[in-house]
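Grab a viewer and work through a few exercises. Try each task yourself before you read the solution under it.

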Amino acid sequence: MNPETFGQRVLEWFDAHGRKRLPWKENPTPYRVWVSEIMLQQTQVATVIPYYERFVARFPDLRALADAELDEVLRLWAGLGYYARARHLHQAARILRDRHDGEMPLDLAILRDLPGIGRSTAGAILALAADQRQPILDGNVKRLLARFAAVEGWPGQSRVLAALWNLAERYTPGSRVADYTQAIMDLGALICTPRRPRCGACPLADGCAAHALGRESAYPTPKPRRGLPVRATRMLLLRAADGQVLLERRPPVGIWGGLWSFPECPPEVDVADWCREQLGLAVAVEGSWGVMRHSFSHFHLDITPVSAVVTGSAGAVMAGERFVWYNTREPDGRGVAAPVRRLLETLASEW
């Protein structure tokens, strides 16, 4: 199928069936498109929509985001996962505020140089917001093109990725680029699905090599499977006499970077000794709760919550940048990860 026919069919399908009422399609400024594209990385549209609407209501433009504190950004992101996306978004906003007068340059090289923006995201911003002819290659488009051209191999391999980028470049039209970009993503998400693709509804089916072979599910080649490793930690639920619980801000990088969590102590050490040595607190350990498993894309984390009461003065740990005494009965909305929020809710119900 030649590129002109490919693009025409994709656009005709979009005109009839594409998603045109997505909130970031309304007033698609480069900033609004950027926020949506970052949120949509590894996250489904239905999940993203309410987060996006709350986020842009609070941060309606780039300067509002750049001027905000990271903690507020993370609070609005809490529950969406992959928190490095929020940190990079905030960091990039400040770079654009300070170096580009608060504007997002419509330049591929500049965008790709910003934290958290790769080639496909930069292309999507320019295509959707400025109608620039820029190919994109998100997960849905990789799958569609791999099937259409029967590209062998896992897309994480550089050889395979290069072949898919060549196809994306070949088939991106010179006009209606914004519509085409949304269309090809929609077609991958709604029709060329990972399992049971709806080939009967696909405008490209008669040119699709995988469909002709009857091997749609064979493309793209899945990532080589490995059993996910399991890590373990203990989260300390340290309560003061007034019922407040100690939270600690996590380091800016790593899992849940910048969010608030419970202090964690290694599984092999004595909790009371650790609290005295690391926090300057005397505690009475009440016992452990059941293990909670929280799964990330690359490992499982087994969390053992340990309940303890501070028996001396809680003043040894002062509130500030790193620690805070948190009232579970009057939550203040600070950014916490999903398992931490569940534990806080349990503490609030028991206090």
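What follows is a set of tasks, each with a worked solution.

Some ground rules come before the tasks. This is a predicted model, where local features need pLDDT of at least 70, side-chain atom pairs count only at pLDDT 80 or more, and totals for chains, interfaces and linings use all residues. Residues are numbered from 1 along each chain as its sequence is written, and side-chain values use heavy atoms, with hydrogens and water left out.

**Exercise 1. The overall picture**

Work out how many helices and strands the protein holds, and what share of its residues counts as buried.

Step 1: Go through the secondary structure and you get 14 helices and eight strands. Helices here are DSSP runs of H or I with at least four residues, strands are runs of E with at least two, and both are numbered from the N terminus.

Step 2: Of the 351 residues, 49% count as buried. Buried means under 20% relative accessible area, exposed over 50% and partly exposed in between, with a 1.4 Å probe and protein chains only.

Step 3: Put a box around the C-alpha atoms along the principal axes, and its sides are roughly 75 × 45 × 35 Å.

Step 4: Take the contacts (heavy atoms within 4.5 Å) between residues at least 6 apart in sequence, and 66% of them join residues at least 24 apart.

**Exercise 2. One residue in a strand**

Find out which residues Thr 233 touches, leaving out those up to four places away in sequence.

Step 1: Place Thr 233 in strand 1, which covers residues 230-239.

Step 2: Check its accessibility: the value is 8%, so Thr 233 counts as buried.

Step 3: List the partners, and you get Glu 264, Cys 265, Leu 301, Asp 302, Ile 303 and Thr 304.

**Exercise 3. Rings and charges**

Classify the ring pair of Tyr 31 and Trp 34.

Step 1: A pair of aromatic rings is described by the distance of the centres and the angle of the planes. Rings of Phe, Tyr and Trp (its six-membered ring) pair if their centres lie within 6.5 Å; planes under 30 degrees apart count as stacked, over 60 as edge-to-face and the rest as tilted.

Step 2: The structure holds nine such pairs. For Tyr 31 and Trp 34 the centres are 6.2 Å apart and the planes are at 70°, so this pair is edge-to-face.

Step 3: Both residues lie in helix 2 (residues 30-40), three residues apart, or about one turn of the helix. Tyr 31 is buried at 6% relative accessibility, and Trp 34 is buried at 1%.

Step 4: Now try Phe 55 and Phe 59: with centres 5.0 Å apart and planes at 70°, that pair is edge-to-face too. Phe 55 is buried at 0%, and Phe 59 is buried with a relative accessible area of 0%.

Step 5: Look for linked pairs as well, and you'll find Phe 6, Phe 148 and Tyr 171 joined into a cluster.

Step 6: Finish with charges over rings (NZ of Lys or CZ of Arg within 6 Å of the ring centre and within 35 degrees of the ring normal). The charged end of Lys 20 sits over the ring of Phe 14, 4.9 Å from its centre, and that of Arg 119 sits over the ring of Trp 165, 3.7 Å from its centre.

**Exercise 4. Helix 9 and its surroundings**

Determine which residues of helix 9 are buried and what covers them.

Step 1: Helix 9 (residues 139-148) is mostly covered, with seven of its ten residues buried.

Step 2: Those are Val 141, Arg 143, Leu 144, Leu 145, Ala 146, Arg 147 and Phe 148.

Step 3: Their cover includes helix 1 (3-17), helix 10 (158-171), helix 11 (177-190) and helix 12 (209-213).

Step 4: Helix 9 also gives the most to the lining of the largest cavity, with three residues.

Step 5: Sort that lining by class, and you count ten nonpolar, one polar and three charged residues. Ala, Val, Leu, Ile, Met, Phe, Trp, Tyr, Cys and Pro count as nonpolar, Asp, Glu, Lys and Arg as charged, and the others, Gly among them, as polar. For cavities, a 1 Å grid over the protein atoms alone is used: a cavity is a set of points where a 1.4 Å probe fits but cannot get out, and lining residues have an atom within 4 Å of a point.
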